[in-house]
Amino acid sequence: MFEIIVKTSNRVEAKNITDELERVVRGKDGSILHLYTPHTTCGLLINEDADPNVMKDILEALERIVPGNYPYKHLEGNAHAHIKSSMIGCSIMVPFSEGKLRLGTWQGIFLMEFDGPRERKVIGTLV
Amino acid sequence: MFEIIVKTSNRVEAKNITDELERVVRGKDGSILHLYTPHTTCGLLINEDADPNVMKDILEALERIVPGNYPYKHLEGNAHAHIKSSMIGCSIMVPFSEGKLRLGTWQGIFLMEFDGPRERKVIGTLV
Amino acid sequence: MFEIIVKTSNRVEAKNITDELERVVRGKDGSILHLYTPHTTCGLLINEDADPNVMKDILEALERIVPGNYPYKHLEGNAHAHIKSSMIGCSIMVPFSEGKLRLGTWQGIFLMEFDGPRERKVIGTLV
């Protein structure tokens, strides 16, 4: 089990953590990497790591689907972030072989910040 | 592999199963707990276990996004529950170490009932 | 680790891959099957494998939530497919015992194509 710290800089942000994760796990043993973020207002997502507009479109679509300015019952101002986090999920599994993550050509791993800026943890376990 | 039975009491409900799961796995060996619900109209979700309004906001947001009263093709009256279940997912993985679930401070584990009340199964596997 | 190729026939499609997966893993050792698709415009979903209208309702609901004809920033015409893929996810875990997938009675495994027709890979790992 290892842990990385991810500092986000904005209220809402798709922070690319692919390179850092690849560095941490390179050469290790295992056949799957489990990644987990122990928070309730961010998430972990695998999607396109080429055109940054894809992440902008994803974040904007989530905001249209779950608007920040709706009169939610939870009064801390971040109910929308809890809902987005629930839709994206806090846990992902990536195939791993010969000491390397087996991501697809266009895939990257992102910490999806929905209530930043904050310092977030990502816990990794090689199985 | 173990199994717990979760009885839900309402049509739609976020049933907190954290304490029961912690009791079942305490002291066991493993580095990740896989939880799985073998149904198609409920889901498993990790999110805030402090203010119950967060779960109310999540359930209400899902109902706005996927209204129960839309004219769906599936004629059993629970198409919306299948769709919500697909968005939330039926499977989660939680880090486990020293015989304990490594949930974040605010995280709890919920069975999300979208077509209750029913008796639901949750299958757990420690890896 | 094994790999199967899934050929999709339409722009948007829920392709049932349950039987093929069951054939591939039958009799093998392991307690969980991890399935992963290394693409960014499709997903993997477990839901009802009885009435095909359920998958139609799921695909149509996703299209209402994330319309294909919105003016997205990503200019390749498939931004909606990236967003749907992010909501459904590219990775699932299924309990496995005595050489068989432990799916629920009504559950099947589907490759959700959001930008086809294409040839897609699904990577499986028994843990």
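## Interfaces of chain A in a predicted model

The contact between chain A and chain B draws on 25 residues from chain A and 30 residues from chain B. The model described here is a predicted one. Between them, chain A and chain B bury about 2,200 Å², and carbon and sulfur atoms account for 63% of that area. On the side of chain A, the residues A:Y36, A:K73 and A:S86 together supply 27% of the area that chain A buries against chain B, more than any other three residues.

**Symmetry of the copies**

A turn of 120° with a shift of 0.0 Å along the axis lays chain A on chain B, with an RMSD of 0.0 Å. This is the relation of a three-fold axis. Within chain A, the C-alpha nearest the axis belongs to A:M87, at 3.7 Å from it. The copies meet through different surfaces, because only 16% of the interface residues of chain A are also interface residues in chain B.

**The side of chain A that touches chain B**

One salt bridge is counted between chain A and chain B. Its partners are B:E60 and A:K73, whose side chains meet at 2.5 Å, N to O. A:K73 is also one of the three residues that supply 27% of the area buried by chain A against chain B. Across this interface there are 15 residue pairs in polar contact, both residues being at pLDDT 80 or more. Two or more residues on this side of chain A come from each of β3 (32-36), α3 (79-88), β5 (91-97) and β8 (119-126) of chain A. The element that gives the most is α3(A), with six residues. By class, this side of chain A divides into 14 nonpolar residues, ten polar residues and one charged residue.

**The side of chain A that touches chain C**

Towards chain C, the contact takes 30 residues from chain A and 25 residues from chain C. The buried area between chain A and chain C is about 2,200 Å², with 63% of it from carbon and sulfur atoms. The count of salt bridges between chain A and chain C is one. Here A:E60 pairs with C:K73, and the closest N and O atoms are 2.5 Å apart. The interface of chain A and chain C holds 15 residue pairs in polar contact, again with both residues at pLDDT 80 or more. On this side, β4 (42-48), α2 (53-65), α3 and β5 of chain A each supply at least two residues. The largest share, nine residues, comes from α2(A). The residue classes of the two sides of chain A are set out below.

| Side of chain A | Nonpolar | Polar | Charged |
|---|---|---|---|
| Touching chain B | 14 residues | ten residues | one residue |
| Touching chain C | 16 residues | seven residues | seven residues |

**Surroundings of B:S97**

In chain B, B:S97 lies in strand β5 (residues 91-97). B:S97 has a relative accessible area of 18% and is therefore buried, the cut-off for that class being under 20%. Leaving aside residues up to four places away in sequence, B:S97 touches A:M1, B:G30 and B:R102. With B:R102, B:S97 also shares a polar contact of 2.8 Å between side chains.

Methods
Residues are numbered from 1 along each chain as its sequence is written. Chains are lettered from A and ligands numbered from 1 in the order in which they are written. This is a predicted model: local features need pLDDT of at least 70, side-chain atom pairs count only at pLDDT 80 or more; totals for chains, interfaces and linings use all residues. Side-chain values use heavy atoms; hydrogens and water are left out. Copies are superposed by least squares on the C-alpha atoms of residues with pLDDT of at least 70 in both. Contact means heavy atoms within 4.5 Å. Buried area is the accessible area (1.4 Å probe) that two parts lose on being put together, summed over both. A salt bridge is a side-chain nitrogen of Lys or Arg within 4 Å of a carboxyl oxygen of Asp or Glu. A polar contact is a pair of N or O atoms within 3.5 Å; within protein, one must be able to donate a hydrogen and the other to accept it, and residues adjacent in sequence count only if both atoms are side-chain atoms. Helices (H or I, at least four residues) and strands (E, at least two) are DSSP runs, numbered from the N terminus. Ala, Val, Leu, Ile, Met, Phe, Trp, Tyr, Cys and Pro count as nonpolar, Asp, Glu, Lys and Arg as charged, and the others, Gly among them, as polar. Buried means under 20% relative accessible area, exposed over 50%, partly exposed in between (1.4 Å probe, protein chains only).
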